[in-house]
Amino acid sequence: MNILIIYGSTLGKTARIAGLIASELRNFNHDVTIRNVTKANVKDFDEYDLIILGSSTWDDGMLQFDFRPFAETLKNTDLSKYKFLIFCLGSEKYPHPFYAGKKLEEVVLRSGGKIISEVFNIDLDHDDEETLRDNEVIEWVSVINTKL
Ligand SMILES: Cc1cc2nc3c(=O)[nH]c(=O)nc-3n(C[C@H](O)[C@H](O)[C@H](O)COP(=O)(O)O)c2cc1C
């Protein structure tokens with residue numbers, strides 16, 4: 001399967017998780033392209049069988065800063081031809097935990113996109129050990145691989 005991962009990351013945690021998801025998917029023989037949201041273009045979506053969107057949560061439940069303009073573009077795009085997965089970084093410590101994932105889910109569904117599994121929330125704060133959730137991520141990829 002040809003998969004595109006688009007991530008937005010301020011301090012690098014989401015970028016690293018996106019890289020881990022990519023390498024795990026490659027272990028299952030998928031072709032994976034990984035792109036910072038600042039370089040993403042909806043025109044490329046036609047080339048992929050699955051699009052994975054990943055954002056951290058900031059500023060009281062907002063999408064990661066770079067993801068905000070891209071989410072506006074997604075709102076104005078017909079996504080009915082495309083399949084998506086969403087992952088989100090955040091922490092239960094904050095008053096609006098994992099809201100970035102909820103926001104992306106809302107945007108994708110409203111534009112007609114099909115989400116093939118529920119949003120994957122990864123509880124990983126900026127000062128947590130970066131590998132803290134790696135096992136959960138690896139497990140998630142092996143489960144979603146059975147749906148691909
Ligand atoms: C100032 C600040 C505000 C944050 N706000 C939220 C929030 O509202 N909800 C949430 O779930 N996580 C929140 N987080 C947690 C971040 O999503 C988390 O630190 C994440 O690992 C950052 O990933 P990134 O480096 O890829 O951007 C916040 C973190 C900081 C430092």
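Start by selecting Met 1, which sits in the segment before β1. This is a predicted model. Met 1 is partly exposed, because 14 other C-beta atoms lie within 10 Å, and the partly exposed class falls between the 12 or fewer of an exposed residue and the 20 or more of a buried one. Leaving out residues up to four places away in sequence, Met 1 touches His 30, Asp 49, Leu 50 and Leu 148. Now add Leu 63 to the selection. Leu 63 is 62 residues from Met 1 along the chain, and their C-alpha atoms are separated by 28 Å.

**Helix α1**

Select α1, residues 13-27. This helix has 15 residues and reaches 21 Å from its first C-alpha to its last, close to the 21 Å expected at 1.5 Å a residue. Colour its buried residues: Lys 13, Thr 14, Ile 17, Ala 18, Ile 21, Glu 24 and Leu 25. They cover an arc of only 135° around the axis, which puts them on the same side of α1. The spacing follows a general rule: an α-helix has 3.6 residues a turn, so residues three or four places apart point the same way. On the other side of α1, look for Arg 26 and Asn 27, which are exposed. To see what covers the buried residues of α1, show a set of elements that includes β1, β2 (31-36), β3, β5, β7 and α4. Then step just past α1 to Asn 29, where phi is positive, about 70°.

**The ligand**

Show the ligand and the 23 residues around it. Among these, Ser 9, Leu 11, Thr 14, Ser 56 and Gly 90 come nearest. α1, β3 and β5 are the elements that give two or more residues to this shell. Which element gives the most to the shell? It is β3, with three residues. Coloured by class, the shell shows eight nonpolar, twelve polar and three charged residues. Thr 14 can stay selected from the previous stop, since Thr 14 is among the buried residues of α1 and is one of the residues nearest the ligand.

**The nonpolar core**

Next, select Ile 5, Ile 6, Ile 21, Ile 51, Ile 52, Phe 87 and Ile 122, the residues with the most contacts inside the largest nonpolar core. That core has 41 residues. At least two of its residues come from each of β1 (2-8), α1, β3, α2, β5, α3, β7 and α4 (134-145). β5 gives the most to this core, with six residues. For a closer view, centre on Ile 51. Not counting residues up to four places away in sequence, Ile 51 touches Leu 4, Ile 6, Phe 45, Tyr 82 and Phe 84.

**The loop between β3 and β4**

Select Asp 59, in the loop between β3 and β4. Its phi is positive, about 50°, although Asp 59 is not a glycine. Asp 59 counts as exposed, because it has 12 C-beta neighbours inside 10 Å. Move on to Asp 60, which is also placed in the loop between β3 and β4. Asp 60 has a positive phi near 65° and is likewise a residue other than glycine. Is Asp 60 buried or exposed? Asp 60 is exposed, with 9 other C-beta atoms within 10 Å.

**Helix α3**

Select residues 99-110, helix α3. At 1.5 Å a residue its twelve residues should span 16 Å, and the end C-alpha atoms are 16 Å apart, which agrees. Colour the buried residues of α3, namely Tyr 99, Ala 100, Gly 101, Lys 103, Leu 104, Val 107 and Val 108. Their cover includes β3 (50-58), β4 (62-63), α2 (67-75), β5 (83-90), β6 (114-115) and β7 (120-123). Just after α3, select Gly 112, where phi is positive, about 90°.

**Helix α4**

The last stop is α4. It has twelve residues and reaches 16 Å from first C-alpha to last, close to the 16 Å expected at 1.5 Å a residue. Its buried residues include Val 137, Val 141 and Ile 144. They cover an arc of only 70° around the axis, which puts them on the same side of α4. Turn the helix over to find the exposed residues Asn 135, Glu 139, Ser 142 and Val 143 on the face turned away from the buried side. To finish, show α1, β5 and β7, which are among the elements covering the buried residues of α4.

Conventions
Residues numbered from 1 in each chain as written. Predicted model: local features only at pLDDT ≥ 70, side-chain atom pairs only at ≥ 80, totals over all residues. Helix = DSSP H or I, 4+ residues; strand = E, 2+ residues; numbered from the N terminus. Expected span 1.5 Å × (residues − 1). Contact = placed C-beta atoms within 7 Å. Near = placed C-beta within 6 Å. Nonpolar A, V, L, I, M, F, W, Y, C, P; charged D, E, K, R; others polar. Core = buried A, V, L, I, M, F, W, Y, C linked by C-beta atoms within 7 Å. Arc of directions from axis to C-beta.
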